[in-house]
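This report concerns a single protein chain. Please examine the sequence and the structure below before reading on.

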Amino acid sequence: MRLVTRIAAIAMAGLLSACAAPDPLEEDLPDMGDFRLAFNIVVADNMQQVPPSRNATPEEWEAVLQAEIDRRFGAYEGDRLYHIAINVDGYALAIPGIPVLLSPKSVLVISANVWDDAAEAKLHEEPNQITVFEGTSPQSIIGSGLTRSREEQMQILARNAARRVQLWMLENPDWFNIDPDVAAADAAEIAAIAEAAEIDPSEAVAEASAAEGVPEDCVPTGTTPCPVPASN
């Protein structure tokens, strides 16, 4: 599926919450072994915007992502220098509109690379493409286009992206000389935080239906139709 089509499908798939972006400095950041951040590079020149979406320039995406990568990784003081390079592939920022169950959802797609400075080499063959969501809540049917500014949406997506980049790095502990058992435990904790912050759109819709008393897999019969979700 082409990137634009995939982002568009994701953007229309879930509910939106109105909570603030979790601050990474309030999380217990995991041990990263030898890691120390050297260059933090973000490129957004070739990104694709998927309508309906608020506008954001490449320069704005580069600035917000660099800030969140620095915020998450800048305090590590390992013995080796590493570079994090990110390409922004595409995005959609939810626009103000009628609050309905399938409100457009903010989403960001990036490709991440990690380089070893001393080895002057990338630590993997292919970029790791990561899709992050703004965050969903089955208790809310108000799109973030109504409850958040464009800048808040971008910050939330950038923070969620930085967390996902770190999760990917922890899944490769040999890159940074991290104890595999420690890395696995930390990765599980980061994954739980990421899932709670984003919530898969299909799960959010299913939970919302369950909250309204609608069976997820209801099959109507000739005498018993499926319940109709309550309207607001």
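The sections below treat the overall fold, one helix, the nonpolar core and the aromatic pairs.

## Overall architecture

The model is predicted. The chain contains 6 helices and 6 strands, and from the N terminus these elements follow the order α-β-β-α-β-β-β-β-α-α-α-α.

Of the 232 residues, 47% count as buried. The exposed surface of the chain amounts to about 11400 Å², with 53% of it supplied by carbon and sulfur atoms. Where contacts join residues at least 6 apart in sequence, 79% of them connect residues at least 24 apart.

## Helix α2 and its surroundings

Helix α2 covers residues 58-73, 16 residues in total. At 1.5 Å a residue it should span 22 Å, and its end C-alpha atoms are 22 Å apart, so the expected and modelled spans agree.

The buried residues of α2 are W61, E62, V64, L65, E68, I69, R72 and F73; the list thus holds E62, E68 and R72 alongside residues such as W61 and L65. The cover over these buried positions includes strands β1, β3 and β4 (107-116), together with helices α4 (150-170) and α5 (180-198).

## The largest nonpolar core

The largest nonpolar core has 42 residues, and the members touching the most others are F35, W61, L65, F73, L108, M169 and F176. At least two residues of this core come from each of β1, α2, β3, β4, β6 (128-133), α4 and α5. Helix α4 gives the most, with 10 residues.

One of the members named above, M169, shows which parts of the chain meet here. With neighbours within four places in sequence left aside, M169 is in contact with M32, F35, F73, I84, V114 and F176.

## Aromatic pairs

The chain has 9 aromatic pairs. In one of them, the ring centres of F35 and Y82 lie 5.6 Å apart with their planes at 20 degrees; because planes under 30 degrees apart count as stacked, this pair is stacked. The pair links distant parts of the chain, with F35 in strand β1 (residues 35-43) and Y82 in strand β3 (residues 80-92), 47 residues apart. F35 and Y82 are both buried.

A second pair, W175 with F176, is edge-to-face, at 6.0 Å centre to centre and 80 degrees between the planes. Both W175 and F176 are buried as well. Ring pairs join F35, F73, Y76, Y82, W168, W175 and F176 into a cluster. Among the rings of this cluster, F35, F73 and F176 also appear in the list of core residues that touch the most other members.

Methods: Residues are numbered from 1 along each chain as its sequence is written. This is a predicted model: local features need pLDDT of at least 70, side-chain atom pairs count only at pLDDT 80 or more; totals for chains, interfaces and linings use all residues. Side-chain values use heavy atoms; hydrogens and water are left out. Helices (H or I, at least four residues) and strands (E, at least two) are DSSP runs, numbered from the N terminus. Buried means under 20% relative accessible area, exposed over 50%, partly exposed in between (1.4 Å probe, protein chains only). Contact means heavy atoms within 4.5 Å. Accessible areas come from the Shrake-Rupley method with a 1.4 Å probe; for residues, only the protein chains shown count as cover. Rings of Phe, Tyr and Trp (its six-membered ring) pair if their centres lie within 6.5 Å; planes under 30 degrees apart count as stacked, over 60 as edge-to-face and the rest as tilted. The expected span of a helix is 1.5 Å times one less than its number of residues. A nonpolar core is a set of buried Ala, Val, Leu, Ile, Met, Phe, Trp, Tyr and Cys residues joined through side-chain atoms within 4.5 Å.
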